Structures are given as structure tokens and as C-alpha cells.
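Here's a small set of exercises to work through with the coordinates open. Try each task before you read its solution.

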Amino acid sequence: MSLEAGQPVVQTTTPKELVREPLVLNNRSLGWITNQVVGIIEGDMPKWWNIAFVVSALLAMMSFGYIGYLVTTGVGVWGLNHPVAWGWAIVNFVFWIGIGHAGTLISAILFLLRQKWRTSVNRTAEAMTIFAVVCAGIFPGIHVGRIWLAWWLFPLPNANAIWPQFRSPLLWDVFAVSTYFTVSLLFWYMGLIPDLATIRDRLRKNAGQCKTGLDKMINKLKQFLYGLFSMGWIGSNRHWRNYEKAYLLLAGLSTPLVLSVHSIVSFDFAVSQLPGWHTTIFPPYFVAGAVFSGFGMVLTLMIPMRTIFNLEEIITIRHLELMCKVIMATGTIVGYAYGMEFFIAWYGGNPYELYAFKNRAFGPYWWSYWIMISCNVISPQLFWFKWCRRTPWFIFVVSIFVNIGMWFERFVIVVTSLHRDYLPSSWGYYSPTQVDILTFVGTFGLFLVMFLLFIRYLPTITIFEVKAVTPQADPHTVEGGADKVKGGGN
Amino acid sequence: MSNIFPKWTNRLPLILLVGGLVAGACVVAGVTYYFTPKYTRVGYEPIQPVAFSHEIHSGQMGIDCRYCHNDVDKSWFSNIPSAETCMKCHTQVLADDPRLAPIRESFEKNKPIPWVQVHKVPDYVYFNHAVHVNRGVSCVSCHGKVNEMKVVQHSKPLSMAFCLDCHRNPHESVRPHDEVYNLDWEPPADWSFDREGVELVNKMNVRSSQNCSACHR
Amino acid sequence: MKAPTQKGQVTNASETQYWRSIGQSIGKEEHPDWADREFPEGASELPENFSRRDFLKLMGASAGLAGAGMLGVGCRRPEEIIVPFGSEQEPGQDYVHGVPMYFATAMPTRTGAIPLLAESNEGRPTKVSGNPDCPSVEGSADGFAYASILNLYDPDRARQYIKNGKVFTKWNALDELSKMGSEEGKRTAFLMPDSTSPSRKRLIKDIQAKFGDRVGFYVHEALDFKIHQRAATEAFGRPIRPSWKLAKASVVLSLDCDFMGAEEGSGHYTCDFSKTRKLAKASDQMSRLYSVEALLTQTGANADHRLRSNASQIALVASYLARKLGIEVPSGSADVDTGLTDTQTVWLDACLKDLKNHSGKGLVLSGYRQPEAVHILVHRINDALGNNGKTIEFLPVESEETGSLQDLANDLGKFDRVIDLGCNVQYDGGASIRGDAITQRTAFRLTHFKHDESHSSEGITNAPRAHYLESWGDAFTSDGTLVPVQPLIAPLFDAMSELEVLAAFIAGKEKRSTAYEVVQSTFNEIAPEQSWERYLHVGFLQDSQTTPVNAEDLKFSSDVPLIEVAPIKTGEVELIFTRDYSVDDGRFANNGWCQEVPDPITKITWDNVISVSRLTSEELNLKHGEMAELRLGEEKVEAPVWVQPGQADNCVGLPLGYGRTGKLRIANFEYESRPLINNEFFGSEKIPVGGFDFYPLRSHPGESIVRGGKIRSTGKAYPLSSTQEHWSMEGRPIIREATLSEYRKSEAKRASEIDKEDYNEKHFFPDNLGLGSHARNEGKIYKHPYKANPETQSDMHQWGMSVDLNSCMGCNACVIACQSENNIPIVGKEQVANGREMHWLRIDRYYTGRDHNPQAASDIPIKDMGQNGDDVQHTEPWIDDPQVVNMPMSCVHCESAPCESVCPVNATVHDAEGMNVMAYNRCVGTRYCSNNCAWKVRRFNYFDYNKRPLENLYDSPMTKPSLFFDWLGDREKSSKDEDEWDLLKLAKNPQVSVRMRGVMEKCDYCSARIQNAKIAKKVKAGASGDVMLKDADIKTACQSACSADAITFGNLLDKDSAVVAEKANTRTYETLDFLDNGARTTYLAKVRNPNPDMPDAYEKPFSTKEYKASEGHGDEHDHHHHEKEGDH
Amino acid sequence: MSKFAIMAEYETPAEIMAAAKKVHAAGYQKWDVHSPFPIHGMDDAMGLDNAKVGYFTFFGGLTGFTVGMTMQWFMNKFDYDLVVGGKPLFSGFFAFPVSYELTILLGAFGSLIGMFVLNRLPRHHHPLLANERFADVTDDKFYVVIECEDDRYEEQATRALLENTHAVHIEMVEDAQ
């Protein structure tokens, strides 16, 4: 621990531990943490935020424009054809859903595993999850031929007396994705309650400093909104008790959920009989891939954020390094899965299957396969080197590669399997149109709009959790006041 | 410094809960009622160009359905009679009645009368009249007691659920072959769906299917 | 009151003959000019627009267009006005609204006629199929016949009587013709297409008799099918024509004769030939087909042995064979010895030996492209082989007094005016005659196309030409049976038939007879004893076939002609003009079904190409898919090059009939390739549709083989839309085949085997890549619901289909019949290029390569064949002499259908009769079913193909706001041109839903037909329980379209049904059976019949070898294995 | 304006922990500790037993699973038994993913609702929320609040008890109605 050497008040009789880097650097006080995080919201947004917001909003609007064009014209405006009936829409859907997985993993699984470092990153990661699922959710909705009838996928009673068909993985998807979105939102919101209360209380304290009437009104309005959503949180320990239990249970529920969601997404493929899709390895491989891509995206977002908002002391290099290790691990799992697919295709002795995999690597779409391999398998291996793990700009570059690679992974799975299947007579080639491409680009705009609003209005770091992992929060430490109380905290 | 929320807001959860339940129930009820064929069609009673009364012709005078709708047992389509059919009688009866002027005009000028269609299934549904009336399903099953209607009214929802109901339980709808056009037929006292109905179904080899292909192609 | 009885109910007569003639309903006295008066009274006097509207009102009346809009959920609808018919009993006596009627009629062709049954719904013909009762063709018809119905509703049809920009009526036009006829001193030439109509012949005779040399008659056809008759007449010195009896031939040698494809009457030839290829059991006899040809034709594709040879070299082949048979061929004429290579002569020797062994049972055929001399030689060869009178019969014909187009050009000075009965000389007249001279003299003409109205020169009266389904006529079929051409509908635009023109001309000032009267009196002349009603009723004159000439009476009159063939000069190519498989000589060019049906060989749609061989393309530096400039003398044409497997070197194939000019919505339009939407990143390009016109390269009509062409690549890429980009089967046992001897050997062994089923699975045709051994139906954790609860499945009907690959010749008739039956939209060239064609039924064509090329003597490792990308396959040597296999593929209706279980909304499920049904109105369009279908037979409506113009599919209300307001106003509205939409609606089958965009569709085993058949049976059954369908009650559209009887459909529970018998054949297999989806459509493996004495003999079909190679054990190993097996 | 509670402010978790122990030992019932984050060991210090949220979660999850399975059985087997892909009309295998997701969904709702119900939240109006000093509870200060309604509450004695701890500030909280 980084206790100052000149403070021998507490006698440490525990055996010597490996020195761990602290989670908040420089032994900052609790109030400093509040100031630092809420300060982002209270201050005016810098110019770049406004520019970024406008640009992102325009991109998002472009996306909606293309969706309008799609809906009024037909799915034919995409590059789809007869062997390849799913294209970018499904690729993007799986990509975005995958991105979301890191958030839930960080907030739920790492919570269960008592990984305290998660506290600095989980709020952002969870926000990312929700926004990514929103982006993902657009695609299955718009990719159907008759979008105005998409509600038929929900089990609603109707005059036709006909129901959805529950053997279809697409229906499982409907339930999985909507559950995922809802539970992630609940989880995120629940974590926000104490922090919203913090903001509410600070607004209350600052109300007196408002000079103009307008400022007062804004302050009132904010108090009202933050107050409304903080549900009257007063930090009561009787509340904390139930709160912590509920949080634990939600974490416990989210863990199987996050594992099931990408498994079910992988069923969209694995349950079919198409060579290249019909693979039992898909569920674990998809989950690992999702975590991989999700951490990639978390890093992509967090590295600039921590610099811009001076959060280096909360989101430390150690945090980045730990995430790099997760990327390396999951990247290796994904690489193993790629290899295993080939092995099984060969070992299974099914020539159709073998051809599908040969075709991936050496067929007309060879380039997409090799982009995928270089980005997903090779680039994360660089994290074996400590320098690579601890150099933010470098991590940022690799995280971009990971994002690209994982998008291509889905492209490879969806398109290369479809374009050449059983009967060579129906083989074809797929290429996207501007509608495909720009709709996807636009969803990044939508994602960023949501993310920028999140930065603007909500605490990007879980204030109460970060506080809780500082030494000051521990009644058994000097920082926690143990020295002032007779007999320590016991 | 004061509390921004007045005290009554503490009852907000209860208010929201009750309000939400009531609103939800209203929406469900509204959708169920207003978005189903029951609302959209049942009770539909358009004004026809000629005030033809089925009650008089079919009910009081006892004219068989097939006198006018003579293709009903041959085609999927139950035809609307032409003016010629009307004029078979109305050259003698009510020959100069002003209410029948459009019929006479139609007959003379060979111009069709623009009757307003009452019963209509969506165009992707291939309902066939002939196969129903020839196999023991009466007009009354789908059209109601037309012989008691002054103005024709849409009396059954004709939704898919309505069709399926009968297709799943044909023994509850079939009747003796010669009673199909008798809209007033009531099963005899000793008639039981499970006995006579089933017997009839077996005898006719009725294969009323609930498969999509039965009605959609 | 009981039901009325005064009206004739369904009579008993209709039970045996379910179609009835219009003539029956016509009171002889009351309706003498029925055809003129039937549709709406006095329509002929009205301006065209009015009559059409009136007609449409009548049609659209109460029923409307089935499913034209599928708006899904039940919303409140506007009040709809429904209109009953104004009077009862119209148009037919037993007309019941909503019940389709059938009429027998015939489609006249150049040299015959195809007897047809036409289905009429609400007074509009919607579908034709071969008349199964007519003995001369046995119900066979070709794809053109099925497509012809769309020509009736061609939006670009001529619609007006117009002269010098003034519109007038049909009566004016007829008056004008009568005036011409009565004008003294003027001389008139008639230019007309070929026809066998006896009425026309009679009128011509009458006119000639009346006007003497003041009239002249000239017949023009761009393709010369009369050559068979001319050559026979020349050879034997009397007017006769040959009639091939392919059903009787056991060895056939075709010398550039594409009797299964390009020859006229191919439907019937295919029917006859397929009879000799049926194998109910291994011991059945099977014919053998040899083919010598330049282009890969459908006949060559189905041949057991095929020899590539230049088209002009065929003459050498004929003289070589003739000499070998001891016929004196004028010495010095053909350089027989140096003209043919050794490989070729060895091949021919062996072939000739086989023909000699089958004297009287062989048949040598020469095709229409060959010059008269070759035909004459072939007659002599057949004579020497003893085939004349046995496998080939000669029918006497009436000699003709008509001239050719060339004659007219020469005689033009003699005439004051020309009356054109529907020739398009400006388009297909050929370079030497094409000039405007004839057009300048033309005073009156019948035109099919609207645009001809506008660019007509001064003084010409243009009249719309009537379609055969709207005019009276008659014709002789190929065997001389008289058939009536009966109209089903009054002429849509008051169009006029050639009989009406001639009748008006001859009438002069006297009373004109109607076409109906003309045809009836011709009939009375020919068969005074017979009943006219019955003639119309059954659609042919019983026992009216021409009696063949006694073969012994035939003597050769002419000498053996002189044949001169010089070798092709280096750097030059031979031009071979050919009838196009899709658009004929251009008469079907504006027919969407024909344009979109893939060429049976190249699989190209919407275009024609210059086909060349691989070696020629290399030598002349031509690139596959790139434009090339082809020059012949002064003339030149630019068109894309297509490297065609199996084509002879140094020649180019030029399909005619494309490259139309003028405003034609199908045959000639452009679409814009937008940035990125069509895979172009920047800028947009106009992409033309409709191919290239090769007529300018011909000097005169009928010319087929020309030498001295020069071709060079221009380097410009040209987008071609092909429905099958990959040629190889990749060694997969999709189409399974064997040689006849293999089959017999295997069957003999099977007979001695105890576990026959097991043996059959593993030992005959390639099993499914070794995956057949996977335990099927075993170890499943669940039972099929129909197996678990058999009572939920129908115990009356279980549908199934069997397709005999040995019979299928890949002619496309089924594809078009299916399109017509099931309201399948066309999607346009652009969409086909994107892989979005909608055909429910497609024909897969694969090339399989041999491991060595006998002509090039180069070895190709089997493993490398076709395994490379689609962009290099045309450069690989194995394509030089490929074997071709065809496979009709549509939904196979799996028992455990993979498409069903992935549909989230129950839109595609199984029904109790074993069909995989598709409820369009439930489909939301996830397309997952298509992804999961191993056969890729599902078709998705990516756009509103039915309602949008092909070139504007990408328009949205966002790019074109007017569309939004249109939609607000009328959701059923189409953005197609109104005149086009009105007509297209009429062609739709009201029994089948028209699908909207965003909906998946696929083959449903003609569900509508099944349901209607069941309903008809049930209606008839009434209170009784006799409701089971028999074979006679139900046929699918493809089944009834197949001349070769390759498709059998029926009830698997009916022990007497044909499909049960077919499926019991040991050749039955399921495609991709290892997936255990349990397809209801099974295939009968193809059997080839090679001659072991031939130099290019093969023990196993090439595909078997490819399959073995892809399996990893080479041919040698296999040999060894076989020998060992033989030893046992 | 009535008195609501007496409130003592502390600066460190250790101090408030000690104070809580004392208050608990004094036998108060209607009192609470307020802190910006949950303090480890405080439940013991206050003598609180295990939270009951788990029951809500369990019943939510159970409902979800039952609803899922029943719904699928009803829709695909009972009400409209269409044969699809040759697969059983109902099977726990294909019905599992949806039931599983519903289990989690309703379980999660159960947890959240359980937390709110047990905490009697939302309660937007609270006397403490009007207290100026108390605003630091979500920042870095710790409070013990003993309500006046507590049976043992006696203004002087209670205040004395709190003064005996490390409280930096003690004040009376009014309820402003």
C-alpha cells in the first residue's frame, strides 16, 4: 500500500503483501472525488463537446434519414440478394450487442469477483452497454421486410388467433435483447441513485449562489429532476443494506444474462444448418468475442475521456492495464476459436463444412478474413509487453483495431458463410450499398450523441463506489479515522 | 433552503401504480375493442342504393337464397343478382314503384346497380362459398339471420379467429345437407354436436383444416 | 320456394370435357359476327381509350385483383362499390363468376401450331397450357407458348388506327382496305409472316384468282425453318416436308440440329425424344444421341457424345459420312480428307458404325442453320441407312405461290403499294434488303408495337395487330392436324388480324366476311361432314393428320449437290446466327417473362452475347464480359463477349432478336446505376437493357453461317446479368448420374444383394459425399410431430414430386409456366444482377469436365477443375468439352423443414398434407428462412416489383415526394404507367395472391390448384364422403408444362398415382439427403448412354469422377476397387 | 413545524461506527446512520439482520420462468398446434431460452422493486432533505439521526448520548410540513 512511511500509528502485523497500486492516486479525500466527478457536470461543457455533439447529431440524423428511405422503399436498397439475405444490418446488430457486453461484465461479473478496480470504469461501461444496445436494437427492427408488422414478433393476442413461433432463435433474440436492455438499464439506474442524490444535494447547497433568476430557475429544475430520479435517497444505512443486497442480486442476475445474451445471438447462426454457421462452439466463442470487443470499445472511449476530464487519478494506468489483460485473454480465446473451427471442419469430415472454411480464408472474401485475423488475434498479443499495456495512446490504437476486427468477424461469419453454401448454382457475391454503409456510420453518431449527453448530465464515475474503495472509507484504517476511536474500528 | 418536493409527493408511488394500472387496462380494452374486426365490421349497415329488404323477400316470402345468389353453390363468389333477376317478378309486382326505379333503369340500360359491399374478407383470404354450402355449412353461420334483416348488416366478425373456431370444431357447425339454406333451422331437441354433429362430419369426410394453405395461397 | 331451375346448371357434359368452346355458346343465327359484338356492345366504333376503359371496368368489376395489396391487419375500409354483371349469361352460357373457364385454341407458329388450352378468369385469359387431347403433340408446348399470354397484355402494343397522325377506327381501316381492293388499276403486294393457316391460304388463292397479277404475295421470316421443306422438296422433286419420328429412333445423330431447343416444334420433339430416355427399370431400352455442332445447344448439352465442329464444317461431316456410306459426292467439291482432323474422323467412323447397326432405327438430322445442300445430303444418308419412312416420314404439302422478301425487293417496281401483315422488315430484313424502299411503298400495315405508330412514315395506315388469343384463325400442326385458333377475349384495342385484312381486301364493295366466317367456311370446305362445334370444343379436327408419302415412292431427283468449304482464315471468325432461346427472332423481345428467363445454356438474362470458345478468346485477346467489335465487311456491331464452354473454336454465336429500338418498356430501356447503390462509388452510369442487334450483320433473311468476320476487344466492361455465376458442381453429388452400363451392372448386383436398401444407398450413384452413412432418423431426441401423433396428419393426401433428370432437357417451359401460374413478377436486369430474380422454379445448369481433352490432348488434373473463383473459370481448359447437367430446382418441401423452425412468426409452417406452406400475409420478412434453406429456393420481394416500374425501384417518397401523396390517395396505387398497370393486372391469376414487398415467397406445389381441385371435388361430393383427389384431378403448372414428362406430382397415399411409381424407381435420390430434412421432391438420377467404341467414350460421367476426386481418392484407386468387386 | 429528529455529524467512518454502536447499545429503535457510501460492518454495529430483497428476486424469477414456459406451451402447443420444422409442438429445450430470459427479467424487476419497497422509497419529501447541513451526507460527512418518535427518545438524554461520541456537530431537525 502506498501509506506514507512516516505514519507509524497503526501497527501492521499482517504479513507483507505485494504492493498494489492504489485505485485512486495521491490519497485524495472523499470530497475531492465528489468535486472532481460532479464538477464535470456542473461546469460548462467545453467547446469541443458542442462541436462533437452537433457532428454526432448530424450523423445520427443521417442514419435516420437512410432508415426512412429504407422503410419507404424496401430492403432492396441494401446490397442483399438471394444467397446473402442477411448483410450489414445483422453484422452491425451483433457488433453493437457485443460492444455492450463489456459494460455488464465490468459491472456484474467483476463485482461478483470482488474486483474493486471496476468502480472507476463501471458507470461509463454500463452507459456504453445501454447505448450500444440501443444502436443494436435498431437493426433487427429495420431489417425486416415489413417493419410496420414487426410487432408480430411479440406474443400479443390478436384477432388472427396466431402466435409467434418459439422455436425460432429470432424470437429468443427478441426476449434476450429486450431483457438485456431492460436489466442493464435497471442495473445502471440503480447504481445512479446515490450519485444522483449527490448531485441533488450539491445543487441544493449551490442554490444560494445563484445570482440571476434564470440561474435559480435552472437550479430548481435540476433539483427537481435529479431529485425525482434519486427517489429521495438519504444515504440511510437501513437503505444501504437493502440496496447492497439488491445490487448484489442484480449483479448475480446480470452475469447469467450477459452470458446468455450473446449465446442466444450466436444461436441465430448456430441453430441454422448453414455450413459455417452450424457450429456448437459459437456460444462461448461469441461471448468471449463480445467481451473482447466490449473492452476494446471501453478503452476507445475511456482513454480520451480520462485525459480530457482530468480523471487520470481515478481511471489510472493500472485500470487500463487490467483491461488490456482482459483483452489479451479474450483475444486469445477468440483466436483459439478460429483455429478450432477449422480443425472441426476438417476433423468432422463434412466437405461442405470444410469448403465453407476454406472459402473464408481463400475465397472471394479472403481480405475480410485476414483483416479479422490480424486485428483480433495478432494485435492483442502485443499486450504481452508491459509497455504496450501501459501506454495510453498505444492502447487506444489497439482498441480501435479490436473494434474493426470484431466488426469483420461478424462480417466473415454472416457473409462468407451465406454467399457460398450447398448448391453452387445459387452462389453469389454480396457488396454493401451506400445505404448499408451510411446507416451504420450514422449509428456511431447516435451512440456518441447518447454518450455525450451522458457525460454532460450524469456522473461518469460511480462516486459512491469509488469512495467506498478508498482507504478513507474503511473504518479500520487511519484515513478512516480508526486512530481517533478508542480500540480501533472493532 | 427548502424541500423542493411537497409532502404529498410521498404518495406518488401509490398514485402512479394505481394510475398506471387503470391507464393500462383502458389501453388494452381500447385496442381489443377498436382494433379488431368486431368493431370495424360487426354492425356495419350501409345504406344501399335500393332499399331491398331481405326480411320481406327471404323471411316473409320465403324465397330461397339461391334464387338470387344463384352461383353460391358453384363459385367461391356468391353473386349479387343482376336487375334481370329482380325483374322476373317486378315486371308484375310493384311494376311502377318509384323505389324500384334504379332497378328498372339498370335493366333497361344494362347498367349495373352500385350495391355497397357489406361482407368482405381481406384479399389474401380465399374463402369459397361453394365448398361451404355444399358441405353442410349454412349461410347463417357467417352472415347471421339475414332473413330477419331489413337492411343487411355485418353480424359476425369474419376474423381469422372466427374462421378457425369453426374449422377446429366442424361438428358444431355442420347441419343436414338440405337444411343449409334454411336460416331458421334449429337443431332438433335430440341433436347433439358430439353425436349427430360428429356423425355428419364423418359421413361427409369433412376435412376442415386449420392449416394456412386452406385459406391463403 | 325452391331453387330456380330455368337456368342451365352445370351440365353433365362438362364433367368429361371441362373446357368448352365459345362456338358452342353462339347461337348460329343470332351471333354471326360474334367476335365483333361480344365485348362491350359496339366497342368497335369507339375510340380506343374508351373501349379499353369500359372493358376494364367490366373486368375489374366485383372480384378485383386478388391480393394486389396486402395491407395486413384489418383496418377500417372505405365503402366499396361492387358491380354485378349487367345481364346474366355472359359471356359464356355456363359462365359462373369466379369459376375459371377453359377454351381450346392454338398458337400459330411459322411452320405449324401449338394446340393449347387457355384458362379464362372473369373473361380474361390468364394462362395457357398444351392441349393434352390433341394427338399430334400430346399436350406438349414450348416456353414461348406459355409466355405468349403476356404478349396479349404487352403495354407497348399498338393501340390505335392511325394515319398521318390522325386516329380513326377499325371500321375506317377496313373500309380503306376494301377500297384498295376495289380500286382498279393499282397493283398491291402483300408482305406477310409465315403461317400454316388454311384460311389464309384460301383467301390468298381467292385474291389471286380475283386480281390475277395485280397482286403479289411475299412471305418473310427472319429465321428460315422452311428449309426443311424446301430441301426435301428439292431432294425428292415433289412438294413434301420431313417429319421426324424421334420416339422411334434409338440412335440419333444431330448435325447442328437443335431439335430440343432452337428448331421450331421443339416442344414436341423433346416430348418424343424423352420417351426413348425413360428408364422404369434398368433393362429398359434407351436411345443414344450424338451431336456434331459448333455452338453448345440444348441438344448438344443433352447428347451422349458431342463433337465440336465449325458450323460450315458440318457440310464436310455430312459428305464424309455420305462417302463412307457409298454415296457419290461430287469429287473435288468438298475437301473431305484435309478438312477434318483425325480425331473427328475416328469419332465419325465409330458413330457411323453405330448408326449402321441400327439401320431403320437410326436418324440423322440437320438443323435449320445448315445450307440446303447439307439437308439434301442428309436425306441421302438417311436413305442409305434405311431410315427414310421409318424414323423420318415425308408429308405431302401444297405447293406455294409466294415469294420471298428478296423477291419483293426485286419486284417492288411492279407494285403501287405494299400491305404489310406484320413483318418488321426494317428490323430483321438483313443488310441488303433493310432499306426503306419497301417501307416507302407500304400503304397499310399491321403492327404489334405502339412506337411504330409514331415513327411511321407518311401515308401508311397503321393498324394494331391482333394477338392469337383475341382473333379467329386456324392452322395445321406439324403432323397436319387442323386446329382452330379461338379468341378468348375481344380484341383489346380493336386489333385486327391478317384474315380480316385479306377478307376486307377481297370484299371490295361487297359485304365483308368476318374472320369467324372465313374460318368457319374454311372448316366446312376441309371437313364438310364434321361438327364445327365439336371442332372448337376439343380444339382440333379429329383424324386430320396428313398421311405420309410411301417411302418407296420417294426417288431422289436432284444430284448430290456440290459442297465447298474452305478453311477459316487465321484471325477471322465464322459468324453463326441463331434463334434465341428466350426471345425467338425478337418477337418475344418485349415480353418480360422471356427477357428474364435465363438462357438455358449461358443463364444470361435480358441480354444476348457474342459467344466464343476459350481458345479463340485467348487467341484473339477477347475478354469474358467485355465489349468487342465484330465486323463483317462494312457492317459492324459492338456486343459483349461470353466465353462459352463447349463451343467450337474460331466461330462466334450470335443470338438474334435483341437490340430493339423505339420506346419499349421491356425490350429497350436504361436504368441508372446510382452511386454505391449499384456498387459504384462515384457517379452514375446509364446501363442499357435489352441486348444487341446482330441483324445488320446478315445480308439477307435466313442467312445463318457467314465467314470472314473480324472481332476485336474494345476493352469496355459490360454488365451482364446471369442467374448462375458458378459453373462447376464442385464435385458435389447434387446431380447424380451414371452410365447405362454402370446402372445395369449395379442393378444386377442389387438384385442379388440381401439388404437392398443399404446397397442402394451406398453403391450406386455417388452417395452424398460419404455423409449418407450418418444414421438417419436414429438417435433423435424427439419424434416428428406427425410421427408422434399420426392422427393429426392427413390420411387422405400427402403430396410429393419426382423429377426425372434423365428426361429434363432444361428447356425452361416449366419456369415460364410457373411464372404465369403464380403471378411471379419480373425484376429487371439490374435486380437479376444483384441476385434477386424471383423465379420459384429455376433450372440449375452445371458443367462437368473430363480429365483429358480428346481434341486438345491435354491433361487437366481433376482436382483443379472448377475449384477456382467465378472470375477465372472461363480460362480453365476443362470447359472445352464439358458434360452438361440440368436440374429443375424449386422448394423440395422438406418434412423437417429448416426454414420453418427459424421463422419467428409462424409464417411458414407444415400442413397436414406434407406441404411446406407459406402464408405471405403473415410474413414480416426476416429472410432467415432463406438463409437456412440449403437449396436457396426462397425468393424475397426486395422491392415492390409488382407495382413499381423496373427502372424506378429505388425511388422513395423521400426522393420523390409525389409518391407519398399517391400513397395517401390510394394505397393500392402502382407507380407504373397507368396503361401498363391496367394491362398487367389482367394477366394475373386471381387464384394466387400477388405478393407485396418485404414478403418471402417460394414454390407451394401450386397450392392454389390443389385447393381448387379439392374444393371442386368436395362441391361435387356434396353430402357424400368422396373427396380424395386422383392424379387426373391435379397437376402442377410445371408438370403440365413439361413436354418431356420429367416432373411427376401427386398423392403419395394413392397407390395408383404416378408419383408413387416414380419414387419406387431405384434411381430415386434426395438432394442433400444427409441433412435429413426429408425432401418431398426427389430426383431420378440421370443415366448417360455412351458408346464404348467411341474415342471419347467414358466409363462414368465426368461428375462422378469429379466427385471421387473431391472425396480424395483418385480415379485409379476407384478402378482398382471396381475390378476387385467384379472378381467376386 | 415539529421536531423530527436529533442529528449528529461525524467526519470519519470509524467515528460514526463507534457512535452507532453506542446508540444501538442504548436500545434505540427509530434511528439511522447516514453515509455517502455503505460502510463495511455498519449493519452489525446497528444490529441489523440480513436484508429480505432475495425473496422478491426469487418470486420474480419464479414467476418469469413459469410465465415463460406456460406461455410457450399455450401458444405453440395448446392454442394453435402448427407443425413447424418437424420439431415437437412443445419442448422444454426450445422453450428454455425465452423462459430463462423472463426469469432474469422478472427477477431483476423483483430485486429493484424489493429494494424500493423495503426501503419505503421513493420518498421525495423528507425532513432531512430540508436540512442544510445534511446535504453533505452524499459528499463526505456521516450522520447519526435519532427520531423523536422513538420510545426511548428523550431530548436531553439522547443529545447527551450523542455528545459523548465524536460528533462534530449536533442539531435538531425540524419537520417543516
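**Exercise 1. Getting a feel for chain C**

Of the 1128 residues of chain C, what percentage count as buried? Then work out how far you'd trust the model along this chain.

*Solution.* Keep in mind that this is a predicted model.

Step 1: run the accessibility tally, and 66% of the 1128 residues of chain C come out as buried.

Step 2: count the secondary structure. Chain C has 37 helices and 41 strands.

Step 3: look at how the contacts spread along the sequence. Take the contacts in chain C between residues at least 6 apart; 77% of them join residues at least 24 apart.

Step 4: check confidence. Chain C has a mean pLDDT of 81, with 83% of its residues at 70 or more. Residues 1-93 of chain C are a weak spot, with pLDDT below 50, though that stretch still has 189 contacts in the model beyond near neighbours in sequence. Residues 1113-1128 of chain C also stay under 50, and there the model has 8 contacts beyond four places in sequence.

**Exercise 2. Three salt bridges inside chain C**

Which parts of chain C do the pairs C:Glu470–C:Arg157, C:Lys226–C:Asp194 and C:Lys205–C:Glu398 link? For each pair, decide where the partners fall on the scale from buried to exposed.

*Solution.* Over all chains, the salt-bridge count is 85. Let's take the three pairs in turn.

Step 1: C:Glu470 and C:Arg157 form a salt bridge, with their closest N and O atoms 2.4 Å apart. C:Glu470 sits in the loop between β17 (461-464) and β18 (473-476), while C:Arg157 is in the loop between α5 (143-152) and β5 (161-163), so the bridge links distant parts of the chain, 313 residues apart. Now the accessibility: buried means under 20% relative accessible area. C:Glu470 has 2%, so it counts as buried, and C:Arg157 is buried too because its value is 1%.

Step 2: C:Lys226 and C:Asp194 meet through their side chains at 3.0 Å, N to O. C:Lys226 lies in the loop between β8 (215-219) and α8 (227-236) and C:Asp194 in the loop between β7 (188-192) and α7 (198-211), so this bridge ties together parts 32 residues apart in sequence. Both C:Lys226 and C:Asp194 are buried.

Step 3: C:Lys205 pairs with C:Glu398, the closest N and O atoms being 2.9 Å apart. Here helix α7 of chain C, which holds C:Lys205, is linked to the loop between β14 (392-396) and α15 (405-411), which holds C:Glu398, 193 residues away. C:Lys205 is at 47% relative accessibility, so it counts as partly exposed. C:Glu398, at 46%, is partly exposed as well.

**Exercise 3. A network to trace**

Which residues are linked in a network of salt bridges?

*Solution.* Follow the links and you should collect C:Arg110, C:Glu221, C:Glu264, C:Arg579, C:Asp584, C:Asp585 and C:Arg587.

**Exercise 4. Where chain C touches chain A**

How many residues of chain C are in contact with chain A, and what does the interface consist of?

*Solution.* Step 1: count contacts. 75 residues of chain C contact 66 residues of chain A.

Step 2: get the area. The two chains bury about 5,700 Å² between them, and 55% of that is on carbon and sulfur atoms. C:Arg732, C:Tyr928 and C:Arg997 supply 13% of the area that chain C buries against chain A, more than any other three residues.

Step 3: sort the polar links. The interface of chain C and chain A has 1 salt bridge. C:Lys936 and A:Asp421 form a salt bridge, with a closest N and O separation of 2.9 Å. Polar contacts come to 42 residue pairs, both residues at pLDDT 80 or more.

Step 4: break down the chain C side. Helix α30 of chain C gives the largest share, 4 residues. By class, this side has 37 nonpolar, 21 polar and 17 charged residues.

**Exercise 5. Chain A against chain B**

How many residues of chain A are in contact with chain B? Describe that interface too.

*Solution.* Step 1: 10 residues of chain A contact 9 of chain B.

Step 2: the buried area is about 880 Å², 77% of it on carbon and sulfur atoms.

Step 3: you'll find 0 salt bridges between chain A and chain B, and 1 residue pair in polar contact, both at pLDDT 80 or more.

Step 4: helix α6 (residues 213-230) of chain A gives the most to chain A's side, with 5 residues. That side has 5 nonpolar, 3 polar and 2 charged residues.

Notes: Residues numbered from 1 in each chain as written. Chains lettered and ligands numbered in written order. Heavy atoms only, no water. Contact = heavy atoms within 4.5 Å. Buried area = accessible area lost by both parts, 1.4 Å probe. Salt bridge = Lys/Arg side-chain N within 4 Å of Asp/Glu carboxyl O. Polar contact = N/O pair within 3.5 Å; in protein donor to acceptor, adjacent residues only side chain to side chain. Helix = DSSP H or I, 4+ residues; strand = E, 2+ residues; numbered from the N terminus. Nonpolar A, V, L, I, M, F, W, Y, C, P; charged D, E, K, R; others polar. Buried < 20%, exposed > 50% of the residue type's maximum accessible area, 1.4 Å probe, protein only. pLDDT = per-residue confidence, 0-100.
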